[in-house]
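Q: Could you take me through one part of this model up close, the aromatic residues, and then show me what else is worth a look around them?

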Amino acid sequence: MKTILHKANSRGHANHGWLQANYSFSFANYYNPDKLHFGALRVLNDDIIAPKMGFGTHPHDNMEIITIPISGELKHKDSMANEWLSVIPGEVQVMSAGSGLQHSEINGSLTSHLNLFQIWIIPNKKNVTPRYDQKHFSLEGRKDKFQTIVSSIDNDDDGLKIHQDAKISRVDISKEKTLEYKTISKNHGVYIMNVNGSISISNTNLNSRDAIAISNTNNFLITAKTNSEILLIEVPML
């Protein structure tokens, strides 16, 4: 098993005033030749957006884009006739940019900051018809068990669908509990973001916002030192 630890303070950072962005991989003005991507995972941004502020209309193509609000309210508008849809914690949003689309994202609150994770995954099909979906996932569904929130469009499960043999999961793991994660295949890798809490994986300790990239294995164990919230992104190792 191969592991690479990525401490929270090693991420790229941008302070735009209205936007505080933390980049796990090279993005915008942040460039690190050692952090271009992890397999098909191209972007994992941890953004904090000020009230009433956001990203104006901009284009995307041939990318699978997943947004997970952690706190606050996201408002979304796009060229597929979706008009300022609300996405809140507990919900997940996916877009297959495919042959091309435009969208806008803003903080839907006048008073509170919005914190979200935005994930970009390189698709296995190009120029597909753009599509949008969002779904609510229960807290109970990830209590001490892996809850699939995103998976391949070819899979018949409860996850939102993307054009890639990938899987995104969440788990809220209780203190002193150990869970085993089994990978789709040994040709897949898993990028694990410890959103909150303290955990141990393969004798490596992770605190809040620390991450670890794991590859070349069929399974691994996660042990919680405190109650912890974890995001797991499994992708083919291109």
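A: Let's start with the aromatic cluster: Y23, F27, Y30 and W120 come together as a single one. Keep in mind that this is a predicted model. Counting ring pairs by centre distance gives eight aromatic pairs. One of them sits inside that cluster: F27 and W120 meet edge-to-face, with 5.4 Å from centre to centre and 75° between the planes. The planes are past the 60-degree mark, so edge-to-face is the right label. This pair ties together distant parts of the chain, since F27 is in the loop between β3 (19–23) and β4 while W120 is in strand β11 (residues 114–121), 93 residues apart.

The two partners fall into separate burial classes. F27 has 22% relative accessibility, so it counts as partly exposed. W120 comes out at 15%, and therefore counts as buried; the cut-off for buried is under 20%.

Now for another ring pair, Y181 with F220. Their ring centres are 5.3 Å apart and the planes make an angle of 25°, which means this pair is stacked. It also links distant parts of the chain, with Y181 in strand β16 (residues 178–182) and F220 in strand β21 (residues 219–224), 39 residues apart. Both Y181 and F220 are buried.

Back to β4, the strand that follows the F27 loop. D46 lies in strand β4, which covers residues 41–49. With 4% relative accessibility, D46 is classed as buried. Its side chain has a polar partner, the side chain of R209, at 2.7 Å. If you skip neighbours within four places in sequence, D46 touches R11, Q20, A21, N22, N115, L116, F117 and R209.

Finally, have a look at the open sheet of seven strands, which runs β1-β20-β17-β22-β15-β13-β14 with mixed pairing. Its edges are β1 (2–6) and β14 (160–162), each pairing on one side only. On average, neighbouring strands here are turned by 20° against each other, ignoring direction. Within the sheet, β15 (residues 167–173) and β22 (residues 228–236) run antiparallel and share seven bridges. To find your place along that pairing, look for R170, which stands opposite L231 in β22. Such pairing goes through backbone hydrogen bonds, whether parallel or antiparallel.

Technical notes
Residues are numbered from 1 along each chain as its sequence is written. This is a predicted model: local features need pLDDT of at least 70, side-chain atom pairs count only at pLDDT 80 or more; totals for chains, interfaces and linings use all residues. Side-chain values use heavy atoms; hydrogens and water are left out. Helices (H or I, at least four residues) and strands (E, at least two) are DSSP runs, numbered from the N terminus. Buried means under 20% relative accessible area, exposed over 50%, partly exposed in between (1.4 Å probe, protein chains only). A polar contact is a pair of N or O atoms within 3.5 Å; within protein, one must be able to donate a hydrogen and the other to accept it, and residues adjacent in sequence count only if both atoms are side-chain atoms. Contact means heavy atoms within 4.5 Å. Rings of Phe, Tyr and Trp (its six-membered ring) pair if their centres lie within 6.5 Å; planes under 30 degrees apart count as stacked, over 60 as edge-to-face and the rest as tilted. Two strands pair if DSSP finds at least two bridges between them. Axes are lines fitted to C-alpha atoms, for helices over the stretch in contact, and angles run from 0 to 180 degrees between N-to-C directions.
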